[in-house]
2 protein chains.
Amino acid sequence: MKVNRRTQAERTAATRAALVAAGRTLFGNHGYAAVGTQSIVAEAGVTRGALYHQFKDKQGLFAAVYDQVEQDITAEIATQVAQIGASDPLGALKAGSRVFLERATDPAVHQITLVDAPAVLGWSEWRARGEEFGFALIEGILLAAIAAGQIADQPVRPIAHVAIGALDESALYVAAAEDKAAATEDVVAVLNRIIDSFAI
Amino acid sequence: MKVNRRTQAERTAATRAALVAAGRTLFGNHGYAAVGTQSIVAEAGVTRGALYHQFKDKQGLFAAVYDQVEQDITAEIATQVAQIGASDPLGALKAGSRVFLERATDPAVHQITLVDAPAVLGWSEWRARGEEFGFALIEGILLAAIAAGQIADQPVRPIAHVAIGALDESALYVAAAEDKAAATEDVVAVLNRIIDSFAI
DNA sequence: AGAACTTACGAACACTCTGTATGAAAGTTA
DNA sequence: TAACTTTCATACAGAGTGTTCGTAAGTTCT
């Protein structure tokens, strides 16, 4: 028989996935502070007991949601970047920036990763987690650009931080604009110009 | 006689000032969410009744704190910028950036204006309030640079947004670094290079 | 397979915190 | 001095987080 016999790993995976998915939509649409744990578990179809068993607290769930969102958009950008390849790292940086801007137009994405995450996780924790995602991507591209002789050999961390800051703010600017297409072109022009300024 | 006779305006000004000062230190040191209204009124030497009479809610107090902090650092930067004057707007932009980085090293400043404000006020409200402060400053400098023929005639809003983003993130990067002086020099080098790239 | 054990979950409780309501005190106006 | 408004203090109601404790589901050992 064993009609509904699921292994423990399957159970945990299912409930965690349901909770993360629910948190993603709710946090993304209303912001972290405006969403109660009750709404989350209702959306996920579980109880608060399950939530607090799987995650330390509300912040823990948010961290999991954040990781998932970052994972998604970073993977998407990475594939775009990979198509251009190591032949033209700065070109890949431009292309990746555009993809990021387009993806970050999604309210859920920028509300979670750009607005709430720094306040909820704390800035340093936010950046520490970002290390493995967009940060690693940009630093990798910069190093490739150095190796390819496109930019001068120099420390990439400060540049990466400035770049991330410019990109994040640009994304929010585009997301808030009425004419998103025009806003995208405006900031892409500025960003490309800055990128070009680093070329040897 | 009239030992302690204060006018109504004086009373409101005093309690509001006390509340804003208390909120500034507490929000700045522990973050918005970690500070209860009870702690604030205790620090300010008033009761919660006074708080909720003077401000709509906790967010209202935070908004007042935010405005005050922005007011302070913007004024400081503006005087620095004014010393260089309209003769060299791009030079003034560089100088202003450095002052901003140094001031934003103060944990209270960046916790309030950069980490909590977007999440508490919402991004668009945050930016709307920022319009009259740092934003107006940068746009004014850019317009002056155009007038002085230092940069090409172009829309300044997208540039200002990218610049603000780069500056904000740079400030947080410096604030989190162990060797703040070295980190400052690193990002200043990057920022100055970017600024120069806009020169005609 | 059955017993002992561990993991996942459900329901109820305790606590904290925000915002409001109501009344008193201080100040203003006539 | 009296009527009125503003400022503040206290008490209360409601919402929400995290914990506790019991139960069910799954795993391991013999």
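In this predicted model, the side chain of Gln54(B) puts an N or O atom 2.6 Å from a phosphate oxygen of DNA strand D. That is one of several such contacts to the two DNA strands, and the table collects them.

| Residue | DNA strand | Distance from a polar side-chain atom to a phosphate oxygen |
|---|---|---|
| Gln54(B) | D | 2.6 Å |
| Thr47(B) | D | 2.4 Å |
| Thr7(A) | D | 2.5 Å |
| Thr47(A) | C | 2.4 Å |
| Thr37(B) | C | 2.7 Å |
| His53(A) | C | 3.1 Å |

**Strand D**

Let's stay with DNA strand D for a moment. It has 22 residues around it, and the ones that come nearest are Thr7(A), Arg48(A), Tyr52(A), Thr15(B) and Thr47(B). Two of these turn up in the table as well: Thr7(A), with its 2.5 Å contact, and Thr47(B), at 2.4 Å. What part of the strand does the protein come up against? Sugar and phosphate make up 69% of the strand D atoms that lie within 4 Å of the protein, and bases make up the rest.

Both protein chains take part here. Helix 1 and helix 3 of chain A, along with helix 1 and helix 3 of chain B, each bring at least two residues to the surface near DNA strand D. Sorted by class, the residues of that surface are twelve polar, seven charged and three nonpolar.

**Strand C**

DNA strand C is surrounded by 22 residues, with Thr15(A), Thr47(A), Thr7(B), Arg48(B) and Tyr52(B) the closest. For the atoms of strand C that come within 4 Å of the protein, the sugar and phosphate share is 75%. Thr47(A), one of the closest residues, has a polar side-chain atom 2.4 Å from a phosphate oxygen of this strand. His53(A) reaches a strand C phosphate oxygen at 3.1 Å, and Thr37(B) does so at 2.7 Å.

Which helices supply the surface near strand C? Those giving at least two residues each are helix 1 (8-30) and helix 3 (48-54) of chain A, plus helix 1 (8-30) and helix 3 (48-54) of chain B. The class split for this surface reads three nonpolar, twelve polar and seven charged residues.

**What the record says**

An unreviewed UniProt entry annotates residues 36-55 of chain A as "DNA-binding region". In the model, that stretch is 75% helix and 0% strand, and its end C-alpha atoms sit 15 Å apart.

**Chain A overall**

Chain A is built from nine helices and zero strands. Its C-alpha trace spans about 65 × 40 × 30 Å along the principal axes. Out of 200 residues in the chain, 48% count as buried.

Take Val69(A), which is found in helix 4 (residues 58-84) of chain A. Is Val69(A) buried or exposed? It counts as buried because its relative accessibility is 1%, under the 20% cut-off. Pro158(A) is 89 residues away from Val69(A) along the chain, and the C-alpha atoms of the two are separated by 25 Å.

**Pockets**

Now for the empty space. Rolling a water-sized probe over the atoms shows where such space is left.

The largest pocket holds about 620 Å³. Its lining has 31 residues, and those nearest the centre are Ala33(A), Asp116(A), Ala119(A), Ala119(B) and Val120(B). Chain A contributes at least two lining residues from each of helix 6 (107-121) and helix 8 (157-176), while chain B does the same from each of helix 4 (58-84), helix 6 (107-121) and helix 7 (123-147). The lining has 17 nonpolar, eleven polar and three charged residues.

The second largest pocket has about 190 Å³ of space. There are 13 residues in its lining, and Tyr173(A), Ala176(A), Ala177(A), Glu178(A) and Arg157(B) are the closest to its centre. At least two lining residues apiece come from helix 8 and helix 9 (180-198) of chain A and from helix 7 and helix 8 (156-176) of chain B. Which helix gives the most to this lining? That's helix 7 of chain B, with four residues. The lining of the second largest pocket has seven nonpolar, one polar and five charged residues.

Notes:
Residues numbered from 1 in each chain as written. Chains lettered and ligands numbered in written order. Predicted model: local features only at pLDDT ≥ 70, side-chain atom pairs only at ≥ 80, totals over all residues. Heavy atoms only, no water. UniProt positions renumbered as here; feature names shortened; annotations may be inferred. 1 Å grid on protein atoms, 1.4 Å probe; cavity = no way out; pocket = protein on both sides within 12 Å on 5 of 7 lines; lining within 4 Å. Points joined across faces, edges and corners; volume = space filled by probe spheres on them. Nonpolar A, V, L, I, M, F, W, Y, C, P; charged D, E, K, R; others polar. Near = heavy atom within 4 Å. Polar contact = N/O pair within 3.5 Å; in protein donor to acceptor, adjacent residues only side chain to side chain. Buried < 20%, exposed > 50% of the residue type's maximum accessible area, 1.4 Å probe, protein only.
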